[in-house]
Amino acid sequence: MSSAIHPYQINIPDSRIQELNSKLENATYPDELGSAGWDMGAPSSDIQRLTKYWLREFSWRKAEEKLNGLPHFVTTIQCDGYEPLNIHFLHKKSSAKGAIPLLFVHGWPGNFLEATKIIDALSTQTQGQVSFHVVAPSLPSFGFSEGTKKRGFAVEQYAETLHKLMVRLGYDQYVTQGGDWGYYICRALSALYPRQCKATHFNMDVGTRPTLFTHPVLFVSSLFRRLSKREKQGVSRTEWFDQEGFGYNLLQSTKPQTIGYALTDSPVALLAWIYEKLHDWTDAYPWTDEEICTWLSIYYFSTAGPAASCRIYYEMGRSGPWGTRLTRYELRAYQSNGVKVGISHFPRDIHVLPSPWTRTVGEVVFEREHEKGGHFAAWERPEDIVGDVWEMFGRGGGAYGVVEGRDGY
């Protein structure tokens, strides 16, 4: 297996674009109840409008040309027990001598595109500001990375792939940033590679209610603090997601192959399935049709196909001949073992939890509540993510100097 790192250019064959346009041209739509709104799913008017835009006005070649202006690379990574996979990633190096290696980890239905709004600011050497070498991969089975054909490729293998990528790039120590599946993959990196993964910044609320026996200090302090506006409103937001917005997770966690047929064969099904989340999980973000179609095209044209991206839901925590896999509960309960943690809270994320709950994850050295923003924070509120990461790792921040020999300046 070659350890070479090669520049990469996105170049989708004309035949794939023609296939997409043919399917969009011949799309059929379900009927809709007269009083239906977003509570029943993506409205037909939105889906029909976006389908027509994707077919008649959107140009993948123009989007592809713009994307190819970014620093794309590919290298082959092999996890123990699995076949070698070509892994695609963005890699933007800073000119700062002490720049900190930062691994950006996306989730579902995200992709590497989310990092494009923060990669320049984080990697640019600015007077008095901490700087990073930013690595933003397409996860295995996502975007332009290959996917495995074997069972049991779960959160440990995603973490192993990304860790080996960072080491391949010469980064023996690094920090991470993530939300959604990025949260759990970053937690796995902390658990499996604590000597290399030195700190993590999260933009998703995950945690457990502190008790007198598990987290006595947090428990006592929570008794005497008032809930913030975000935390009060978050109760209903979290209840809504658990009761009305969780269906996709149940399906992808139990029968990913079934939904995979629709996502692979019908670009309209793919559009409706993902666009619903882009709408519901954000804080009234003003999505443009161009943004949505670029986002969806990355899934449609993905190397492993859109069905492959769903399988992480099924594989996580499942045991079999391939071994025992970490569960969500185990990763939530894991104490960060010296790996420093930063948390940015956004009021329209899918779970909005009280601060003491999210502080149960370990040594929290940075925390901030934001007045706006949802699940895709790097895309919705890039200035907030950049500012929080700067503060966490900059001079005076809780994670300053955490990477040996690299202060970010």
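Reply: Helices (DSSP runs of H or I, at least four residues) and strands (DSSP runs of E, at least two residues) are numbered from the N terminus. The model is predicted, with local features needing pLDDT of at least 70 and side-chain atom pairs counting only at pLDDT 80 or more, while totals for chains, interfaces and linings use all residues. Residues are numbered from 1 along each chain as its sequence is written, and side-chain values use heavy atoms, with hydrogens and water left out.

Me: Let me try a loop, then. Where does P109 lie?

Reply: P109 sits in the loop that runs between β4 (100–105) and α4 (119–123). Look at the peptide bond from W108 to P109 there: it is cis, with omega near 0°.

Me: What does the UniProt annotation say about residues 5–114?

Reply: Some background on such records: UniProt positions are given in the numbering used here, feature names are shortened, and annotations may be inferred rather than shown by experiment. In this case, an unreviewed UniProt entry annotates residues 5–114 as "domain: Epoxide hydrolase N-terminal". Over residues 5–114, the chain is 30% helix and 21% strand, and the C-alpha atoms at the two ends are 23 Å apart.

Me: Next, cysteines. How many disulfides does the structure hold?

Reply: In general, a disulfide is a covalent bond between the sulfur atoms of two cysteines. The test applied here is a pair of cysteine sulfur atoms within 2.5 Å. By that test, the structure holds 0 disulfides.

Me: Why is there no bond between C79 and C186?

Reply: Distance is the reason: the sulfur in C186 is the closest cysteine sulfur to that of C79, yet it is 16 Å away, too far for a bond. C310 tells a similar story, because its closest cysteine sulfur, in C293, is 19 Å off and also too far.

Me: Is C79 buried or exposed?

Reply: The cut-offs go by relative accessible area (1.4 Å probe, protein chains only): under 20% is buried, over 50% is exposed, and in between is partly exposed. C79 counts as buried at 3%, and C310 does too at 0%.

Me: On to helix pairs. What is the crossing angle of the axes of α5 and α6?

Reply: Two packed helices are described by the angle between their axes and the distance between the axes. Axes are lines fitted to C-alpha atoms, for helices over the stretch in contact, and angles run from 0 to 180 degrees between N-to-C directions. Angles under 35 degrees are called roughly parallel, over 145 roughly antiparallel, 65 to 115 roughly perpendicular, and the rest oblique. Here, the axes of α5 (residues 155–168) and α6 (residues 181–192) cross at roughly 75° and come within 9 Å. The two helices are therefore roughly perpendicular to each other.

Me: Which residues make the contact of α5 and α6?

Reply: Contact means heavy atoms within 4.5 Å. From α5, the residues are V155, E156, Y158, A159, L162 and H163, and from α6 they are Y184, I185, A188, L189 and L192. For classes, Ala, Val, Leu, Ile, Met, Phe, Trp, Tyr, Cys and Pro are nonpolar, Asp, Glu, Lys and Arg are charged, and the others, Gly among them, are polar. This contact has 9 nonpolar, 1 polar and 1 charged residue.

Me: What about the axes of α2 and α12?

Reply: Helix α2 (residues 44–56) and α12 have axes that come within 10 Å and cross at roughly 75°, which means α2 is roughly perpendicular to α12. The contact is formed by R49, L50, Y53 and W54 of α2 with D289, E290, I292, C293, L296, S297 and Y300 of α12. These divide into 7 nonpolar, 1 polar and 3 charged residues.

Me: Now backbone angles. What is phi of S141?

Reply: Phi of S141 is near 80°, a positive value in a residue other than glycine. S141 belongs to the loop between β5 (132–137) and α5, and is buried at 6% relative accessible area. A284 also has a positive phi, near 55°, and lies in the loop between α11 (267–280) and α12 (289–300). At 71%, A284 counts as exposed.

Me: One last residue. Which residues is K23 in contact with, leaving aside neighbours within four places?

Reply: K23 contacts T264, D265, P267 and Y300 on that count. K23 lies in helix α1 (residues 14–25) and is partly exposed at 26%. K23 and P267 are 244 residues apart along the chain, yet their C-alpha atoms are separated by 7.1 Å.
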